[in-house]
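Welcome! Here are some short exercises on reading a protein model, each followed by a worked solution. Keep the picture at hand and try each task before reading on.

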Amino acid sequence: MKKKLLTQLANLYPKFNQRINKLFQIRRWRKGKIFNFLLSLIVGVTVTTIGITTDWATTGTPAPTYKTSWIGNTFGSEKLRVQNNIEGMYVAADGKVYTNSNWDEAGTEAEIYQDGNVIAAIEDTHGWGRSGGKAVTVNSKYIYIAMIQGSLGKTKEDYPAEGTTWYNVRRYDLSGKPAPFSGGRGWDKSMLIVSNKSEVTGLATAESELYVSDFASDRIRVYNTDTMKELRSFNVANPRAITVDRQGNLWIIQKKSGNNPAKILRYSQTGKQLPQQIADIVEPTAIAIDNQGRLLIAENGPRQQMLTYDIKDKPVQVGSFGCKGGIYAGIPGEVKDLKLYGLTGIGTDAAGNIYVNSNGFNKSGTDLRKFSPSGKQLWRLLGLIFVDNADADPKTDGADIFTKHEHYVMNYNQPAGKQWTYQGYTLNAFKYPQDARLHTSPDGTFVRRIQGKPFLFLTDMYGSFLQIYRFNPATDGKIAIPAGMFVGTNGDKKSIPGNWPPQQPAQGEWIWRDSNGNGKFEKNEYDNSKDYPYIGGWWVDSKGDVWKALRTQDGSGIRHYPLQGIDAKGNPIYSYSSMQKQTTPNIFTDLRRIEYFPETDTMYLSGFTVDHPANGDDNGVVGSEIARFDNWRKGNRTPRWRTVIPYDTTGKREVSTAAMSVARDYVFAVTVKTAEVYVYNSATGTQVQQLKPGPEVGGESGWIDIPYGIRAFRRSNGEYLVFVEEDWKGKVIIYRLQG
């Protein structure tokens, strides 16, 4: 408003000048300093008055104060933080931990850790068609990491030809800077191309030789570590991770293929297969030699342990590390020091300290731990968040926070970033292998208490589904049990392409309810229908009713699914027969978000409007306006107020609003690229505050990528918790706003 008034004043300035000139016909006044001074004084007073008046009109009252905090990453404000995932890991004798992963949003696919800190990032692993990989190894001179280099149409600068991908090994010095070599490829000549078909899956060194698993060709390739020239190669089917024992022989994980189970095979350096092998494992994912010369294997099957083998002669298991059953031992899902889950990296240093990384399942996030030789946890680094947001359990007043996989317990008396404790991992990949979280990528979390019982609802980046989870501590501890799911219509095809979930209807949309309580999708558990395919948003109100906003322009774009009760297994019941179609207020041409509050019969809607239409079709944003409607159940479709929010008017996507959330006295909206939170008075729609990342998180945030990238909750003391997605550096930001 202030900007608009100032623009109008600027346009009036020439007319104002003419009127003053007519009043003052004395030449010396018209040209002199006195005239200019008086004119400037008048304009200054006018501008100041407009500014003060506009500020009062915009805020009404002084803006409430706020602080910034975060959950999900050990580090919140440093340049380096715990990466999104660790898929390959090497532990050096001095306790340095070298890592690698396919993707990290902040561009640190490969990092170096020591003594509970991130001490360096391995450079240039991200962007320009590059990403990391699944393997890393180190010798006395160099770091070698598996990488991917895609094409960019810059063949003169030694990039792959169009349509070609290089799966390569890149060499670095020990500080993490690329180390070129004669004959090297890529823009800086530090890459060794291994394949154009699939990733490098294992790396190891011994003396002057580098061993590389070329998975696509079923071969182990051997290179000189200094010249990077290939020396020889030999056949190994489905080779994965490699380690070298004290006799100089190779131990290689052979991945399961069809009916052939996984094995650990032993080869000489020249490629002769030796008689020793280990076959009594289910899913080996990492391998290493410890400080005593024993073989360590990460067993990622139901045991979820690190296994230790004496390999002096025939391999004999002589120990295990971690609770048998991992995170599912004891109270399933309860986080404890020795409960591992989704193992991707193991190793020991010269002193026998043990290092283990857990990634969870379907890349839940990094959980890197160091233990003493006796098994005492010495430090732990967490990077649990990627494209995710949080919500608070209303029963515990914000003390319990949930994301799609994790449960945190909060102590708000602690300093920023120290308030959270990782207490529960809610996904059980073995008991519930059909859990939608193993097959999709949800990112928006709703926590609800329905008839006093806790439920978790999840949606995704495209708003294509709504997943439902229940809890039963007596049978499943901290685990969120698959209970139901809504999906949208996908034309005349299956709603979800592929083989999952089993038995889904051949076309249209459906509601699944786990009526027998086993967590499996079965044919008689689907209720199906067909509707408009383009979904704007989902909402679950405090009574447990589900709402869906459709982007249709036919005037009936709201779907209301009243809760029909909770069945004998604890699942909420919804059906198409009880669904209600409701009219879209005629101010909207493209409805995007919906939040209904049954206690006050208040509806908040957002979307593009007749007055402020969309420029193009950016299907992930909130729209151009938010509006409040009172007495919704009584049929009122006239807004109490409408407010224009930041939206794209140029087609360049520089300004847009990603997500909105309503909590008692405020409506919160967050922008895509700047991640600024606009706070509006829920009674009037006027803006009262603007939140930006504080010094606690380095004053920075990545883009907001998801339609539910903000979630607000009002505590009983009047404080507002505002959760905002921040996947750039792997966390959820929390704004604590005084009520």
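**Exercise 1.** In which sense do strand β46 and β47 pair, and over how many bridges?

*Solution.* Before we start, note that this is a predicted model: local features need pLDDT of at least 70, side-chain atom pairs count only at pLDDT 80 or more, and totals for chains, interfaces and linings use all residues. Residues are numbered from 1 along each chain as its sequence is written, and side-chain values use heavy atoms, with hydrogens and water left out.

Step 1: find the strands. Strands are DSSP runs of E with at least two residues, numbered from the N terminus. Strand β46 covers residues 666–671, and β47 covers residues 677–681.

Step 2: look for bridges. Two strands pair if DSSP finds at least two bridges between them. Strand β46 and β47 are joined by five bridges in the antiparallel sense, with F668 standing opposite V679 in β47.

Step 3: look at the turn. β46 and β47 form a hairpin with five residues between them, and A675 in the turn has a positive phi of about 55°.

**Exercise 2.** Which residue in β48 stands opposite V679?

*Solution.* Step 1: follow the chain to strand β48, residues 687–691, which pairs with β47 in the antiparallel sense over four bridges.

Step 2: read across from V679, and you meet Q689 in β48.

Step 3: check the link. β47 and β48 also form a hairpin with five residues between them; here G685 in the turn has a positive phi of about 80°.

Step 4: ask how covered β47 is. Four of its five residues are buried, where buried means under 20% relative accessible area, exposed over 50%, and partly exposed in between (1.4 Å probe, protein chains only).

**Exercise 3.** Why is one side of β15 and of β18 left without a neighbour in the sheet?

*Solution.* Step 1: write down the order. This open sheet of four strands runs β15-β16-β17-β18, with antiparallel pairing.

Step 2: look at the ends. β15 (239–244) and β18 (273–278) stand at the edges and each has a single partner strand, so one side of each has no neighbour in the sheet.

Step 3: zoom in on one pair. Three bridges join β17 to β18, and I264 has I278 in β18 as its bridge partner.

Step 4: visit the loop between β16 (250–254) and β17 (263–267), where P261 has its place. P261 is partly exposed, because its relative accessible area is 47%. The C-alpha atoms of P261 and V282 are separated by 7.3 Å, although the two residues are 21 apart along the chain.

**Exercise 4.** How many cavities of 30 Å³ or more does the structure hold?

*Solution.* Step 1: recall the idea. Rolling a probe the size of a water molecule over the atoms shows where empty space is left. On a 1 Å grid over the protein atoms alone, a cavity is a set of points where a 1.4 Å probe fits but cannot get out, and lining residues have an atom within 4 Å of a point. Grid points are joined across faces, edges and corners, and a volume is the space filled by probe spheres set on the points.

Step 2: count. The structure holds two such cavities.

Step 3: describe the largest cavity, with about 70 Å³ of space. Among its 13 lining residues, F608, D618, V621, D648 and R653 are the closest to its centre.

Step 4: describe the second largest cavity, with a volume of about 40 Å³. β34 gives the largest share of its lining, four residues.

Definitions and conventions
On a 1 Å grid over the protein atoms alone, a cavity is a set of points where a 1.4 Å probe fits but cannot get out, and a pocket is an open set with protein on both sides within 12 Å along at least five of seven lines; lining residues have an atom within 4 Å of a point.
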